[in-house]
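The following questions and answers examine a single protein model. Please consult the sequence and the coordinates alongside each answer.

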Amino acid sequence: MNASSMNAGSMKAGDAVSWIRHAAELVAADADRLTRLDAAIGDGDHGLNLDRGFRAATEALSGEASPGDVPPGKVLIAAGRAIVSKTGGASGPLYGTALRRAGKALGDTADVDAAALGAALRAALEGVQDLGKAAEGDKTMIDALAPAVAAYEAALADGADLPGCVSVAAGAAAEGADATVPMQARKGRASYLGARSIGHMDPGASSTALILRALSDVVAADAASGEG
Ligand code: ADP
Ligand code: MG
């Protein structure tokens, strides 16, 4: 770890807005794939649901005159509210809660450092668990989010900077989503299929990996522009 990367990265309001926008782009680009995953073990609406939700979130944020002046926490709360109000299915309330809890954890801080973002991600995970009551291994978005938060916290404890922590978290989320394939669903619609849910990736775990990939992309781009 070099000295410049030790200092790299705090998340500002513009980054929070960029995160939601980029997540909306990735979700839109992958909506058909997410819907196909949900068609295999659910009701085939996950991509549609999330695309509608993230579009609504993006629109809610574009209403801000100058998003650069709004603290990141407020941005995430506004996005979460829009997602809850516009997203159908189980995933809308779960993602909405995740974003609102993360936003509340950030409070009014203008400059979010690696520790604060880690605490916000932990709060998001707790919010999803409070609402959905799923544990790791139940084949839900928790199987991507929980390892992502754990990996983030481990990287932080090892002295990684914010881009490093987020990158490790995004990687762990992707691995977590892949690991849902052999699981049998115990929560949500997919659980109605019993053993027939085995052999398919959980759509919510896959979308969680996308959303964290979006965060990692945005933070990495920001750090690169700050140092270059
Ligand atoms: P629905 O199942 O109502 O059609 P979606 O298709 O939008 O909603 O979302 C399905 C995803 O929601 C699942 O793949 C799973 O990851 C997630 N999910 C469902 N129930 C729960 C729960 N109780 N806790 C956490 N995540 C859940
Ligand atoms: Mg569905």
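On a 1 Å grid over the protein atoms alone, a pocket is an open set of points with protein on both sides within 12 Å along at least five of seven lines, a cavity is a set of points where a 1.4 Å probe fits but cannot get out, and lining residues have an atom within 4 Å of a point. Grid points are joined across faces, edges and corners, and a volume is the space filled by probe spheres set on the points.

This is a predicted model, in which local features need pLDDT of at least 70 and side-chain atom pairs count only at pLDDT 80 or more, while totals for chains, interfaces and linings use all residues. Residues are numbered from 1 along each chain as its sequence is written, chains are lettered from A and ligands numbered from 1 in the order in which they are written, and side-chain values use heavy atoms, with hydrogens and water left out.

Q: How much space lies in the largest pocket?
A: The lining of this pocket comprises 28 residues, and Ala-90, Ser-91, Leu-94, Gly-188 and Arg-189 are those nearest the centre. The space in the largest pocket is about 530 Å³.

Q: Which element gives the largest share of the lining of the largest pocket?
A: Helices (H or I, at least four residues) and strands (E, at least two) are DSSP runs, numbered from the N terminus. Two or more lining residues come from each of α3 (31-41), α4 (46-62), α6 (91-106), α7 (114-132) and α10 (203-227). The largest share, three residues, belongs to α7.

Q: How many residues of the lining of the largest pocket are charged?
A: Ala, Val, Leu, Ile, Met, Phe, Trp, Tyr, Cys and Pro count as nonpolar, Asp, Glu, Lys and Arg as charged, and the others, Gly among them, as polar. By this division the lining has 11 nonpolar and nine polar residues, and the charged ones number eight.

Q: What spacing along the chain do the donors of the magnesium ion (ligand 2) follow?
A: Donors are N, O and S atoms within 2.8 Å of the metal (3.2 Å for Na, K and Ca); water is not among the atoms, so sites may look incomplete. The protein donors are Asp-38 (OD), Asp-43 (OD) and Asp-45 (OD), at 2.0 to 2.2 Å from the ion. Their spacing is D-x4-D-x1-D.

Q: Is Asp-38 buried or exposed?
A: Buried means under 20% relative accessible area, exposed over 50%, and partly exposed in between (1.4 Å probe, protein chains only). Another donor, Asp-43, has a relative accessible area of 37% and is therefore partly exposed. Asp-38 has a relative accessibility of 9%, so this residue is buried.

Q: Which element gives the largest share of the lining of the largest cavity?
A: The search of the whole structure finds one cavity of 30 Å³ or more, and about 180 Å³ of space lies in the largest cavity. Its lining includes Trp-19, Phe-54, Tyr-95, Leu-121, Leu-145 and Thr-208. By class, the lining has 11 nonpolar residues, one polar and no charged ones. The largest share, four residues, comes from α6.

Q: What distance separates the end C-alpha atoms of α8?
A: The expected span of a helix is 1.5 Å times one less than its number of residues. Because α8 has 16 residues, the expected value is 22 Å, and its end C-alpha atoms agree with this at 22 Å.

Q: Is Lys-139 buried or exposed?
A: Lys-139 lies in the loop between α7 and α8, as does Lys-133. Neither is a glycine, yet phi is positive at about 60° in Lys-133 and at about 65° in Lys-139. Lys-133 has a relative accessible area of 57% and is therefore exposed. Lys-139 has a relative accessible area of 1%, so this residue is buried.

Q: Which residues does Ser-216 touch, not counting residues up to four places away in sequence?
A: Ser-216 is located in helix α10, and its relative accessibility of 7% is why Ser-216 counts as buried. Contact means heavy atoms within 4.5 Å. Beyond the excluded sequence neighbours, Ser-216 touches Val-166, Ser-167 and Ala-170.
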